[in-house]
Amino acid sequence: MKLKNKILLVVASIILFAVFLFPLWKIHLDAPQYPEGLGVNIWIHNITALHPHNLETINDLNHYIGMKAIEPDSVPELKIMPYAIIFIAVFGFIVILFNNRILLTGWLVTFTGMAIAGITDFYLWLYDYGHNLNPNAAIKIPGMSFQPPVFGSRQLLNIHVTSFPGLGGILVVLSLLIGIYVLVNEIISSKKRKLQKG
Amino acid sequence: MSIKKYLKTIYMGGISLIVTAYMISGCTSQKTKIGGGDAASEVYVAPGKHDEFYSFMSGGWSGNVSVYGIPSGRHLYTIPVFSQTPTNGYGYTEETKALLNTSFGMVPWGDTHHVQPSKTNGEYDGRWVFVNDRNTPRIARIDLKTFRTDEIIEIPNTGGQHASAFCSSNTEYISANTEYSIPLPKPLGSGVDVPISSYKKNFHGTISLIKVDQNTGEMNIGFQIEVPPFDYDLGRFGLGVSKDWVFYTCYNSEEAHTLLEVNASQKDKDFVLAVNWKKAEQAAADGKGQIVSVNVDHNLRDPETGVAKTEVIKQVRVLKPSDLTGAIYYMPAPKSPHGINVSPDGEYIAEGGKLSTVVPVESFTKMQQAIQNNDTTGSLEGIPILKYESILAYEVKNAGLGPLHVEYDDQGHAYNSDFISSEIVKWDLKTGKVLDRHPAYYSTGHLTVAGGDTRHPYGKYLIALNKITKDRYLPTGPEMFAGEQLFDISGDKMKLILDFPVEGEPHNAAELPASLIDTGQVKYFKLSDNRNPYVTRTEHDTKVVRDGKRVDVYMTAIRSHFTPDNIEGIKVGDTVYLHVTNIEQEWDIPHGFAMKGNLNSGMLIMPGETRSTIWKPQNPGVYPFYCTDFCSALHQEMQGYVRVSPANSDVKLAYGTNKDL
């Protein structure tokens, strides 16, 4: 591997640790009664309030339509994901150490697979959260689900929900893109070398 | 007659004809002179926008303090202070009841007069507001982070406490005074059961300096000074050069005890009492004067639990004028002065000589010279009287009739209110020359310029606090709100820009810039910090506990239910303590609590807070209770039942929510 690509892979691996400093995803809830803002930050290992006590407020609002309370301690993914991301980062360093393109390809496949699995899991979690409603809820609207979007906005009764990646999420995508660039760059330059030799 | 003069005569004649016609036509609909072309936009605060100033107005006989936005005149809130307030349960709940304790017992009402914000370096600092109760001598401290009364201290040896609650430049002291002199117990006086006609011999006035803790704001009586039995009416601490002094007007130097309107208005001159409080403080620290026994209440919200408690003050140090040589003087003032106000630099001391035709303005520099030169005209009970002519800076001529109060702007102007001629008069502070006058409707008492009693007035707005309302608003029967008038004083001429009605009878007001207060507001209380002894933090912790005939209900409220909401096993003859904790942690989600037939007020419970009310059910039955604050779409459903059984029944104590007992 070229030195430049090695450096890029070091960067790609290191920035993955940023997910412990910045949220992966953000969900903002806009409603007339909340001029001060309301929302949650989803981290690799936790779900936190945008403003103090927002989680309690959201849970309280959601109990009227029978949604389950968000309890970060009872979300197993939040316990697994930190190890997954550390695994990917360490795997990245191993790729650099062994300087092996097959390993690099393996790393990218694993990384992409895990990213897809993460997003899918997030979607399923949101689906369950929005559809699996308490049948005794005070407010029931036939045919309506309350699933927040994975990405983008949706109006759910009085609340306009907007989901978008946080800085942590953006850095994960950036890390993946750097990895893909390095692989593509390596393939092209090796083909060039072969042509020159030929 | 020249043509010019002839034309002028016609011209003037024409004007007088127009004026006469105008007057004859009885222009009742247009008697107010509205100052500017665009007064409406000056006071218009668009929906969702905030006012520039908070105005804290004493409520007079409302016993409370009302808060308005300036320039809009919008009523923002009423702070319960000396009056029981069923609106939120202040003075009724177990947490707040003790604030209204006095040595006479629980007094459910007060007469608030002078609102005084705390100061640092002679400027408002936005920490606290102090206000006095004239009737039962008390001073209250309001915290500006919560807009709540946190402390009330009763003042001993005092009657009719009017000349209060003035604040020194760095909030070292709050000053309280006797207006109605009274006989004092031995050894201070000759006993309290004396003939009223022995007023001159047996009655006394006192000045009290209340020490304020700089960190907590907690008040304590520093010391008192016994003074001759005049009526000490108003006061102000000095500023800048005069900041070590405090000044009080007094009338009734005649020492009358009956028909004062005549008998206390005989002498041509009364007095201003000037005290160097720094020296007096030193005299007290040096152990001068005597410690006397008193019995007054000091009520404080415990900073830890938020629950008010009463302590009895048993001793106070009292100084006599003889202990204060060189630190206490009388300054003569024209007949029965009322207000006294010190200019921003501390040099000028203006009195509203309410029965005088002039406003006398005294010079602090001249006063100090007179003290040095011993320029006196005798003494009264050991208090030297300085010579009027020696200390006078100037008298404001043509200041109107019945001048009561003076305030200052940031441009070197002074403004006085006139009760009798019903106007505001503006004059130059250096010369006393009248620059402008404007009618006020009707009979202005206090007036306030934003920051007008600080070293750096904000200026811009002046409010006339009028005593008579009559036809200014839609009529509401014989009893009406007081009417205030807002003036724009930024130009050469005062412009009347708004009338607004206010509750009670504000005797004085103070304007603080919004930015000094709005950023530090408490929005809700942290449940995790709640140290009320009866707090219930989660629904899981709710319980009902019987101890003999006392039953304690530990209840939670959250949208939209109480836990427990069904209670059985209460019996006639029980005393039920209902401790309700609002476990919400969100801005502006209070819950209310009301119990059918409870001989007590309802209560409003802020998020994160616990409030307790006592209920003594009298008859068997099922009693509904409910939330009184429309908290959510299912607010109506926020209700519950308590079953009360006969005293001898064997119904077991049981409780819960969403289950059959």
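This short presentation covers the overall form of chain B, one of its sheets, one buried residue and the contact with chain A.

Good morning. Please keep in mind throughout that the model is a predicted one.

I begin with chain B as a whole. Its secondary structure comprises 7 helices and 46 strands. Along the principal axes, the C-alpha atoms of chain B occupy a box of roughly 105 × 70 × 45 Å. The radius of gyration of chain B is 28 Å, and this agrees with a compact globule, because a chain of 661 residues would then be expected to come out near 26 Å. As for burial, 53% of the 661 residues of chain B count as buried. If we take the contacts in chain B with a separation of 6 or more, 61% of them join residues 24 or more positions apart.

I turn now to one sheet. In chain B, 6 strands form an open sheet with mixed pairing, and their order is β42-β41-β44-β45-β39-β46. At the edges lie β42, residues 603–605, and β46, residues 654–656, each of which pairs on one side only. On average, neighbouring strands of this sheet are turned by 25 degrees against each other, direction ignored.

Within that order, consider β44 and β45 of chain B. Strand β44 spans residues 621–626 and strand β45 spans residues 639–645; the two pair in the antiparallel sense over 6 bridges. One point of register can be given here: B:Gly621 stands opposite B:Val644 in β45(B). As a general reminder, strands of a sheet pair through backbone hydrogen bonds, either parallel or antiparallel.

Next, a single residue, B:Tyr232, which is located in strand β15 of chain B, residues 231–237. Is B:Tyr232 buried or exposed? B:Tyr232 has 31 C-beta neighbours inside 10 Å and therefore counts as buried, the threshold being 20 or more. Leaving aside residues up to four places away in sequence, B:Tyr232 touches B:Ala163, B:Asn177, B:Thr178, B:Glu179, B:Gly205, B:Tyr248, B:Cys250 and B:Leu273. By contrast, B:Arg437 is 205 residues from B:Tyr232 in sequence, and their C-alpha atoms are 29 Å apart in space.

Finally, the contact between the chains. How many residues of chain A are in contact with chain B? There are 7 residues on the chain A side, and they meet 6 residues of chain B. Sorted by class, the side of chain A that touches chain B has 3 charged, 2 polar and 2 nonpolar residues.

That concludes the presentation. Thank you.

Terms used
Residues numbered from 1 in each chain as written. Chains lettered and ligands numbered in written order. Predicted model: local features only at pLDDT ≥ 70, side-chain atom pairs only at ≥ 80, totals over all residues. Pairing = 2+ DSSP bridges. Helix = DSSP H or I, 4+ residues; strand = E, 2+ residues; numbered from the N terminus. Axes fitted to C-alpha atoms, helices over the stretch in contact; angles between N-to-C directions. Contact = placed C-beta atoms within 7 Å. Nonpolar A, V, L, I, M, F, W, Y, C, P; charged D, E, K, R; others polar. Rg over C-alpha atoms; globule rule 2.2 N^0.38 Å. Buried ≥ 20, exposed ≤ 12 C-beta atoms within 10 Å, placed from the backbone.
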